[in-house]
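Here's a quick look at the inside of a two-part question: what packs together, and where are the gaps?

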Amino acid sequence: MCPSAPPSPGAVLLAITGPDGRPAYLPRPLPVDGDFVALLDGQPDVDQRFRFSAPCIQHRCAHWQQGGCSIPGKLAADPAVPVTADLPRCSIRRTCRWFAQLGGDACRRCPAVVRTAQE
Amino acid sequence: MAENEYAGTKFVVDLGSLKLPEMLERQVEAEIRAVVLKALATPEVTSARRLDPSIFGTFPGSTLGLWLDPDNPELGTWETPR
């Protein structure tokens, strides 16, 4: 699974940014439907308020390089990316692409991830 | 009905010893999820996180997640198959 996918019917809601600005990971993945996606359409800061997960599309994604996702390695190499001490309570870890590639080092950077920069 | 555990909201409806038919259970669960999602879509419920803008520059499309390069369209879409 990709832990940073756009909202779409069939994707799952992975985390929500609470009023305190911290991501609240859902202990169980919550599938989203077209109605929810339609509600978000046109709203501001969707990528900054929510994190979605969807099946990794591998080579069809621009981040797929040399047989793997390039995101976790780049995040780990960037000192500007905040790192948490503990792993988040995540519902997709066993199937997460980033965890499969980088283990806990990916998970400790995952809470900082925002899919796109705020406009 | 809403319970707060670990400071998060959890909705539980305990029917005691009553076991609903499986199809009805699934229907009700789906309706509950839809109601919850609708509430989560309320902008006031969430806030927007920030990440150092400089981080995005090293990623294709300035996107830290699933992204189809518009200059190299792939067959089909990325949407989850039903």
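What follows covers the nonpolar cores and then the cavities.

This is a predicted model, in which local features need pLDDT of at least 70, side-chain atom pairs count only at pLDDT 80 or more, and totals for chains, interfaces and linings use all residues. Residues are numbered from 1 along each chain as its sequence is written, chains are lettered from A and ligands numbered from 1 in the order written, and side-chain values use heavy atoms, leaving out hydrogens and water.

**Cores**
- The largest nonpolar core (buried Ala, Val, Leu, Ile, Met, Phe, Trp, Tyr and Cys joined through side-chain atoms within 4.5 Å; buried is under 20% relative accessible area, 1.4 Å probe, protein chains only) has 21 residues, and A:L13, A:V32, A:F36, A:F50, A:F52 and B:L40 touch the most other members.
- Elements supplying at least two residues each include β2 (12-17) of chain A and α1 (22-40) of chain B (DSSP runs, helices H or I of at least four residues, strands E of at least two, numbered from the N terminus).
- Another core, of 20 residues, lies apart from that one, with A:C96 and B:F56 among them.

**Cavities**
- There are three cavities of 30 Å³ or more (sets of points on a 1 Å grid over the protein atoms alone where a 1.4 Å probe fits but cannot get out; lining residues have an atom within 4 Å of a point).
- The largest holds about 90 Å³, and A:C2, A:C56, A:C61, A:C69 and B:L66 are the closest to its centre among 14 lining residues.
- The second largest is about 60 Å³, and its lining includes A:R93, A:W98 and A:C110.

Definitions and conventions: Buried means under 20% relative accessible area, exposed over 50%, partly exposed in between (1.4 Å probe, protein chains only). On a 1 Å grid over the protein atoms alone, a cavity is a set of points where a 1.4 Å probe fits but cannot get out, and a pocket is an open set with protein on both sides within 12 Å along at least five of seven lines; lining residues have an atom within 4 Å of a point. Grid points are joined across faces, edges and corners, and a volume is the space filled by probe spheres set on the points.
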